[in-house]
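Open the model in a viewer and keep the selection panel at hand. The stops below each give a selection, followed by what is found there.

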Amino acid sequence: MTVTEDKVRWGVLATGGIAAAFTADLVDLPDAQVVAVASRTRASAEAFAERFGIPRAYGEWEALAQDADIDVVYVATPHAAHRAAAGLCLEAGRNVLCEKAFTLNAGEARELVALARERGSFLMEAMWMYCNPLVRRLKALVEDGAIGEVRTVQADFGLAGPFPPSHRLRDPAQGGGALLDLGVYPVSFAQLLLGEPSDIAARAVLSDEGVDLQTGALLSWESGALASVHCSLVGGTGTTASVTGSAGRIDIPDGFFHPDRFVLHRDGRAPEEFTADPADGPRTSLRHEAKEVMRALRAGETESPLVPLDGTLAVMRTLDAIRDRVGVRYPNETR
């Protein structure tokens with residue numbers, strides 16, 4: 001469904017923190033217009049609409065999905081509800097940008113991808129890291145052979161907490177745990193550079209509720225490459241990443257999924273620092289994924305080459321495999 005209007009009209013499904021952050025960036029884009037928001041309660045939707053100057057507020061998801069004035073819906077619910085929310089919108093003919101982790105498991109992800117492809121609708125995981133200009137630059141350097149053949153990848157993402165048992169991150173019914181909320185970033189970073197691993201080993205510390213408080217995984221590829229990834233709800237890590245090749249190394253010293261700089265070390269040369277362009281906005285900005293969605297819609301594309309659906313499916317298969325290794329399964333989960 002090609003968008004030809006001057007402004008791409010967005011609907012926002014859910015009113016939590018990530019929905020607010022994304023909407024705040026959307027309203028600053030001259031070619032974006034947020035026309036509607038939906039929540040499970042009208043009061044929450046109306047409060048969100050008033051905060052951001054959104055004309056329509058719905059107290060149910062169905063009404064948003066059926067709003068024909070919407071070009072694309074941003075699904076920002078907890079990931080346990082992604083399959084239902086995104087599926088509802090796709091069934092109604094809407095294009096969808098869905099937060100990560102994309103779904104609870106690969107089976108649900110396959111269903112959404114199949115539905116989008118059947119309907120000819122645009123669908124993309126909101127993996128903003130893949131749209132970040134500096135991450136794209138890093139990927140291009142690796143693909144151009146700047147560090148030779150990739151040998152190892154390391155990435156971590158941990159929060160200090162503590163999170164009480166009542167928090168959604170500890171709630172199995174909401175897909176709680178470190179892996180789907182935080183670990184999706186290190187896994188996605190490794191697979192951005194190396195593709196889907198051929199073998200996976202993992203260990204985790206589980207909460208009394210049965211979700212992972214911290215998880216470490218070793219991913220391996222037939223090329224001989226290895227990736228060590230770690231996520232935690234009980235310790236604040238440096239959110240660093242490093243990619244080592246046969247002829248050098250790239251280090252991201254802080255916030256690897258939204259970096260403001262990285263350092264390229266080529267064998268026999270002085271280190272080179274690459275920094276973010278101030279014109280790209282603050283490092284926390286979600287504008288780049290919004291711009292990519294709007295670019296794709298105007299081009300009549302049904303998926304983004306930056307965040308391809310096959311890549312999202314591959315990441316979900318890896319997350320499933322890690323959960324299988326550590327013994328995390330969610331209530332009423334089917335695969």
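Two strands count as a pair if DSSP finds at least two bridges between them. The model on screen is predicted.

**Stop 1: the paired strands**

Select residues 8–13, which form strand β1, and then residues 32–38, which form strand β2. The two strands run parallel, and six bridges join them. For one position across this pairing, pick L13: opposite it stands A38 in β2. Strand β2 is mostly covered, with six of its seven residues buried.

**Stop 2: an aromatic pair**

Stay with β1 and show the side chains of W10 and F22. How are the two rings set against each other? Their centres are 5.4 Å apart and their planes meet at 65°; over 60 degrees counts as edge-to-face, so W10 and F22 form an edge-to-face pair. W10 belongs to strand β1 and F22 to helix α1, and the pair links distant parts of the chain, twelve residues apart. Are these two residues buried or exposed? Both W10 and F22 are buried.

**Stop 3: the aromatic cluster**

The count of aromatic pairs in the model comes to ten. Next, select W128, F157, Y185, F189, F256 and F257 together; these form one aromatic cluster. Leave W128 displayed, since W128 returns at a later stop as part of a cavity lining.

**Stop 4: the largest pocket**

Helix α1 covers residues 17–26. Select it together with α8: these are the elements that give two or more residues to the lining of the largest pocket. The volume of this pocket is about 480 Å³. Its lining has 22 residues, and to find the centre, show I18, E99, K100, R168 and D181, the closest of them to that point. By class, the lining divides into eleven nonpolar, seven polar and four charged residues.

**Stop 5: the largest cavity**

Now turn from the open pocket to the enclosed spaces. How many cavities of 30 Å³ or more are there? The count is two. The largest cavity holds about 40 Å³ of space. Select L179, G183, P186, V187, T215, A217, V229, H230, C231 and I322 to see its lining. Colour by element: α8 (178–194), β9 (212–220) and β10 (226–232) each give two or more residues to this lining. Which of them gives the most? Helix α8 does, with four residues. Seven of the lining residues are nonpolar, three are polar and none is charged.

**Stop 6: the second largest cavity**

Select W128, N132, S285, L286, H288 and E289, which line the second largest cavity. Its volume is about 30 Å³. This lining has two nonpolar residues, three polar and one charged. W128 is also a member of the aromatic cluster.

**Stop 7: helix α9**

Two residues of that lining, H288 and E289, lead on to helix α9; both are among its buried residues. Select residues 287–298 to show the whole helix, twelve residues in all. From its first C-alpha to its last, α9 reaches 16 Å, close to the 16 Å expected at 1.5 Å a residue. The other buried residues of α9 are A290, E292, V293, M294, A296 and L297. Finish just after the helix, at G300, where phi is positive at about 75°.

Methods. Residues are numbered from 1 along each chain as its sequence is written. This is a predicted model: local features need pLDDT of at least 70, side-chain atom pairs count only at pLDDT 80 or more; totals for chains, interfaces and linings use all residues. Side-chain values use heavy atoms; hydrogens and water are left out. On a 1 Å grid over the protein atoms alone, a cavity is a set of points where a 1.4 Å probe fits but cannot get out, and a pocket is an open set with protein on both sides within 12 Å along at least five of seven lines; lining residues have an atom within 4 Å of a point. Grid points are joined across faces, edges and corners, and a volume is the space filled by probe spheres set on the points. Ala, Val, Leu, Ile, Met, Phe, Trp, Tyr, Cys and Pro count as nonpolar, Asp, Glu, Lys and Arg as charged, and the others, Gly among them, as polar. The expected span of a helix is 1.5 Å times one less than its number of residues. Buried means under 20% relative accessible area, exposed over 50%, partly exposed in between (1.4 Å probe, protein chains only). Rings of Phe, Tyr and Trp (its six-membered ring) pair if their centres lie within 6.5 Å; planes under 30 degrees apart count as stacked, over 60 as edge-to-face and the rest as tilted.
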